[in-house]
Amino acid sequence: MNRLLAVSTTIVAGLLLAGGTSVGAADLQPVPKMTDQEYKDAQFIYFDRCSGCHGALRKGATGKNITPDNTRKKTLAALEKILYEGTDGGMPGWGKDGFMTRAETDLMARFVQNEVPEPPEWNMKDMKKSWKVHVPVADRPTSPPKGKNWQNYFGVVLRDAGKVAIIDGDTKKTLNIIDSGFATHILRTSASGRYMYAIGRDGKATMMDMWADPPDLVAEVRTGIDARSIDTSKFKGFEDKYAVVGDYWPPHYVILEGDTLKPLKIVGTRGYTYDTNEYRDETRVASIVASHNAPEWILTLKETGVVLLVDYSRMEDGTITETKINAERFLHDGGWDSTKRYFLVAANARDTISVIDTVERKLVANIITGTKPHPGRGANWVDPEFGRVWATVHLGEGLVSIISTDPTKDYAWTVVREWELGGNSLFIKTHPNSTNVYCDNTINQEKSHVLTVFDINKPDALPREITFKKKVVHMEFNKDGDEVWVSLWDKDGEVVILDDKTLKEKARVKGLYTPTGKFNVYNTMNDIY
Ligand code: DHE
């Protein structure tokens, strides 16, 4: 099966039930037959393509509820058509786009009319069994590699290879390609930057030592069945001490020893929606950020719309303290404002950005922006008229929403400016040393190959556009903030490095298998974006 672009399309998966022929509610279609092997194959495809948006239990989040009581209201032919061709509402055409054969769309149509399989739990015993320390702490270097500007290394996710490429930002040479989890998702660093952590969609966390020459894998552990986020303890006195993984399934987070990934504590997240108090047995952990102001992580619970402040200062005796803040549904990705006091997170089903004050420990605002905000971690800059701002792009429309983050202003926590982007986008990025704001258009059929560049100092001017030969996704700056790195997402993928001032190409790293997210050590340890 063609895996290319698999997950970009799952981002907009949804609306499976839109369009097509319906039957009366009382008149449910019979459950179609499947062999054991077909059911097993369909489970794998569902995990790879569908569960990120529709959920393991199919109860919906970014995508619709597709439990059999809903799917059996449609004929098999109608479901198969939607799976093959997609819908205008954002459901990808899996068949049309070359990711599923006719036989596979037929298989998946039957699968979603069958009962939902209960995914297995994953407990401490399972985690301990999967835990491996490849290089014991005592055998690791005690100082950084001589003559290497290691804080300017980049980790590049090679999504479909399940690997991470470590590239030297000075020489542009690939130093190592390191195994990580299935369909590796994101990378984060420890507070010191020495360790880089990866999380795979199979819940496997891996850690790489940037002081090793070349950087290499030092430990791994499987924290669950399905995961998307990982971060580390960054508060003074706790640097490099802990890591935390947020799992989609089982719905829990896991606290790990920072230098070995030894699993220390599992905390379940199943609970009640913040507004209607309905129980959600699939309460997935979406984004995580590490506070610099307190010994805390900020975790977002997708289905319940709750933001958790998790205090890890008493982890020595196994105690954690949670503060639960009502925000909005369904929480997804987000990042800090430039002061790192306020956390802004997308509640994409409600077209909202929720703002959390991590000092006063409360919700500051729910701001309506546009259709399905998707900031990544967002971008911070100083607007010539409005001062400090943070911005998001959107999955559902080509729009950049710019929000004032200066609490001293009357217009704080409102959208002060909007830019037309043209394409539905995934990520936005700038750097304190840059006057450019870069946006991809990855999930727009016409503009997916285009990188759009706005000028902070000319906010009313039309943006510049740079067109590539392949789909563009995710941008990251180098340590000095004078180069921007862009992924061309393809089996024969590349990272293109542009000079931030001239927008001219400086270099290209070729031969990368499906490169997606990129993380500069210095910018990631300091949360610069
Ligand atoms: Fe992501 C961030 C979830 C698909 C690349 N993505 C996030 C975060 C979440 C999330 C919860 C925030 C993590 C954090 O900050 O702690 N992503 C999901 C999904 O559920 C989804 C929609 C569907 C799926 O099945 O996984 C999904 N994501 C994708 C992709 O298809 C992308 C484009 C390519 C890939 O490699 O997987 C992708 N997501 C990313 C990246 C970030 C991210 C690069 C981090 C951005 C940053 O700058 O921090």
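The protein chain has seven helices and 35 strands; helices (H or I, at least four residues) and strands (E, at least two) are DSSP runs, numbered from the N terminus. This is a predicted model, in which local features need pLDDT of at least 70, side-chain atom pairs count only at pLDDT 80 or more, and totals for chains, interfaces and linings use all residues. Residues are numbered from 1 along each chain as its sequence is written, and side-chain values use heavy atoms, with hydrogens and water left out.

**Overall dimensions and surface**

- The radius of gyration of the protein chain is 22 Å, which agrees with the value near 24 Å for a compact globule of 529 residues. The radius is taken over C-alpha atoms, and the globule rule is 2.2 Å times the number of residues to the power 0.38.
- Along the principal axes, the C-alpha atoms of the protein chain fill a box of roughly 70 × 55 × 45 Å.
- Of the 529 residues in the protein chain, 63% are buried. Buried means under 20% relative accessible area, exposed over 50%, and partly exposed in between (1.4 Å probe, protein chains only).
- The protein chain exposes about 19,400 Å², and carbon and sulfur atoms supply 49% of this area. Accessible areas come from the Shrake-Rupley method with a 1.4 Å probe; for residues, only the protein chains shown count as cover.
- Contact means heavy atoms within 4.5 Å. Among contacts in the protein chain between residues at least 6 apart in sequence, 54% join residues at least 24 apart.
- There are 68 positive and 72 negative side chains in the protein chain, and the centres of the two sets lie 2 Å apart. Lys and Arg count as positive and Asp and Glu as negative, while His and the chain ends are not counted. The place of a charge is taken as NZ of Lys, CZ of Arg, CG of Asp or CD of Glu.

**Confidence**

- The average pLDDT of the protein chain is 93, and 95% of the residues score at least 70. pLDDT is the predictor's confidence in each residue, from 0 to 100.
- Among the elements of the protein chain, strand E2 (residues 153-158) has the highest mean pLDDT (99) and helix H1 (residues 6-11) the lowest (36).
- Over residues 1-23 pLDDT stays under 50, and the model has 98 contacts beyond four places in sequence for this stretch.

**Helix H4**

- Helix H4 spans residues 76-85 and contains Leu 83. The buried residues of H4 are Ala 78, Leu 79, Glu 80, Ile 82 and Leu 83.
- Leu 83 counts as buried because its relative accessibility is 4%.
- Helix H3 (68-71) and helix H5 (102-113) are included in what covers the buried residues of H4.
- Gly 86, just after H4, takes a positive phi of about 80°.
- Leu 83 and Thr 369 are 286 residues apart along the chain, and their C-alpha atoms are separated by 30 Å.

**Two buried strand residues**

- Ser 401 lies in strand E25 (residues 399-404) and counts as buried at 0% relative accessibility.
- Beyond its neighbours within four places in sequence, Ser 401 is in contact with several residues, including Thr 369, Gly 370, Trp 390, His 394, Arg 417 and Glu 418.
- Phe 154 is found in strand E2 and is buried, with a relative accessible area of 0%.
- Outside the neighbours within four places in sequence, the contacts of Phe 154 include Ala 165, Ile 167, Glu 476, Phe 477, Trp 485, Phe 519 and Asn 520.
- Phe 154 lies 29 Å from Cys 53, C-alpha to C-alpha, and the two are 101 residues apart in sequence.

**Backbone exceptions in loops**

- Most residues other than glycine have a negative phi, and most peptide bonds are trans.
- The peptide bond from Trp 249 to Pro 250 is cis, with omega near -15°. Pro 250 is in the loop between strand E10 (242-249) and strand E11 (252-257).
- Arg 329 and Phe 330 are also joined by a cis peptide bond, with omega about -20°. Phe 330 lies in the loop between strand E18 (321-326) and strand E19 (331-336).
- Asp 240 has a positive phi, near 65°, and is placed in the loop between strand E9 (226-232) and E10. Asp 240 is buried, with a relative accessible area of 17%.
- Arg 361 has a positive phi, near 60°, and is found in the loop between strand E21 (352-357) and strand E22 (362-368). Arg 361 is partly exposed, with a relative accessible area of 33%.
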